[in-house]
Amino acid sequence: LEVFLARDVEPEPERGGAARVEAAGGLAGQRLDTVGDDHLVARRVQLPGDDVAQTLRGSGNEGDLRHGLLRSALTFYEEFLKERADDDSLRLELAQTHLKVAQIRFDLGQKKDGTDALRDALRRFQELLADSPRDLEARIGEAACLDKLVQFTDAIARWETLRAEHPDDERILQAAAKTYNRHGVVLNLNSKPREALAAHEQ
């Protein structure tokens, strides 16, 4: 799925058990990574059954299949959020799910709703970190949100701290590299080639 950059995000206003999220089965047990190139918080989702998938494939339009999968995932995640919104034992999973919803909405072209969901996810991760500052998954989630909100300086600072603490964690290394790459793309689009090159070289 496509990576969304600065132009896909609404302007940021000035500042003043995980297994319970999973659903069984679905399209031969495949997983839909709603981030595309970021698999930090991917979970199994309930996808359309084989008959629906076959119908979509038969239409000769892969875009229909992709759109259908995204819609199915969005429905599943939003139902989960409604059902478990007040479950304090699932605070991390709820934050991760809000991030997934944001990513799907961006892929569906719903930029404002996607940005709102991202900010909600960021708030939830930061609330978790206020109570448990060393929670690795919450720290990863926070950095991912900052990246997607194009707050690259803050995102990179989080990734660098995580890299120093977990130098062999492939998730963190890959995510940090992608943040640097996106930062470089945005800098280049803003006619800052030297800064863009430095970001890419990271």
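This note goes through a predicted model point by point, from its overall make-up to single residues.

1. **Overall make-up.** The model is predicted, and that should be kept in mind for every value below. The protein chain contains 8 helices and 0 strands, and reading along the sequence gives the pattern α-α-α-α-α-α-α-α. Of its 202 residues, 45% count as buried.

2. **How α3 meets α4.** Helix α3 spans residues 91–107 and helix α4 spans residues 111–131, and the two pack with their axes 8 Å apart at an angle of about 160 degrees. The two helices are therefore roughly antiparallel to each other, a label that applies to angles over 145 degrees. Their crossing is left-handed. The residues of this contact divide into 12 nonpolar, 4 polar and 8 charged, so a student looking at the contact in the structure can expect to find each of these three kinds of residue there.

3. **How α4 meets α5.** Helix α4 also packs with α5: the axes of these two helices come within 9 Å and cross at roughly 150 degrees. That angle makes α4 roughly antiparallel to α5, and the crossing in which α4 passes α5 is left-handed.

4. **The nonpolar cores.** As a general background, nonpolar side chains in soluble globular proteins tend to be buried together. In this model the largest nonpolar core has 30 residues, and the members that touch the most other members are L99, I104, L118, F125 and C145. Helices α2 (62–84), α3, α4 and α5 each supply at least two residues of this core, while the largest share, 8 residues, comes from α3. There is also a second, separate core of 7 residues, which includes L162, I172, A175 and A176.

5. **Salt bridges between α5 and α6.** The structure holds 15 salt bridges, and two of the pairs worth inspecting join helix α5 (residues 136–148) to helix α6 (residues 152–165). In one pair, E165 forms a salt bridge with R139, with the closest N and O atoms 2.8 Å apart; E165 belongs to α6 and R139 to α5, and the partners are 26 residues apart. The two ends differ in their surroundings, because E165 counts as partly exposed at 32% relative accessibility, whereas R139, at 10% relative accessibility, counts as buried. In the other pair, the side chains of R158 and E142 meet in a salt bridge of 3.2 Å, N to O. Here R158 lies in α6 and E142 in α5, so the bridge ties together parts that are 16 residues apart in sequence. R158 counts as partly exposed at 30% relative accessibility, and E142 counts as buried at 9%.

6. **A salt bridge between α5 and α7, and a network.** Which parts of the chain does the pair of R182 and D147 tie together? The side chains of these two residues meet in a salt bridge at 2.4 Å, N to O. R182 lies in helix α7 (residues 170–189) and D147 in helix α5, so the pair ties together parts that are 35 residues apart in sequence. R182 counts as buried at 4% relative accessibility, and D147, also at 4%, counts as buried too. Elsewhere, D120, R123, R124 and E127 are linked in a network of salt bridges.

7. **E93 in helix α3.** Is E93, a residue of helix α3, buried or exposed? At 7% relative accessibility E93 counts as buried, because the cut-off for that label is under 20%. The C-alpha atoms of E93 and E137 are separated by 9.8 Å, although the two residues are 44 residues apart along the chain.

8. **V150 and its backbone.** Most residues other than glycine have a negative phi. V150, which is not a glycine, nevertheless has a positive phi of about 65 degrees. V150 lies in the loop between α5 and α6, and at 24% relative accessibility V150 counts as partly exposed. Because the model is predicted, the phi value of V150 is a computed one and should be read as a property of the model.

Definitions and conventions. Residues numbered from 1 in each chain as written. Predicted model: local features only at pLDDT ≥ 70, side-chain atom pairs only at ≥ 80, totals over all residues. Heavy atoms only, no water. Axes fitted to C-alpha atoms, helices over the stretch in contact; angles between N-to-C directions. Helix = DSSP H or I, 4+ residues; strand = E, 2+ residues; numbered from the N terminus. Parallel < 35°, antiparallel > 145°, perpendicular 65-115°, else oblique. Left-handed = near helix turned anticlockwise from the far one by under 90°. Salt bridge = Lys/Arg side-chain N within 4 Å of Asp/Glu carboxyl O. Buried < 20%, exposed > 50% of the residue type's maximum accessible area, 1.4 Å probe, protein only. Core = buried A, V, L, I, M, F, W, Y, C linked by side-chain atoms within 4.5 Å.
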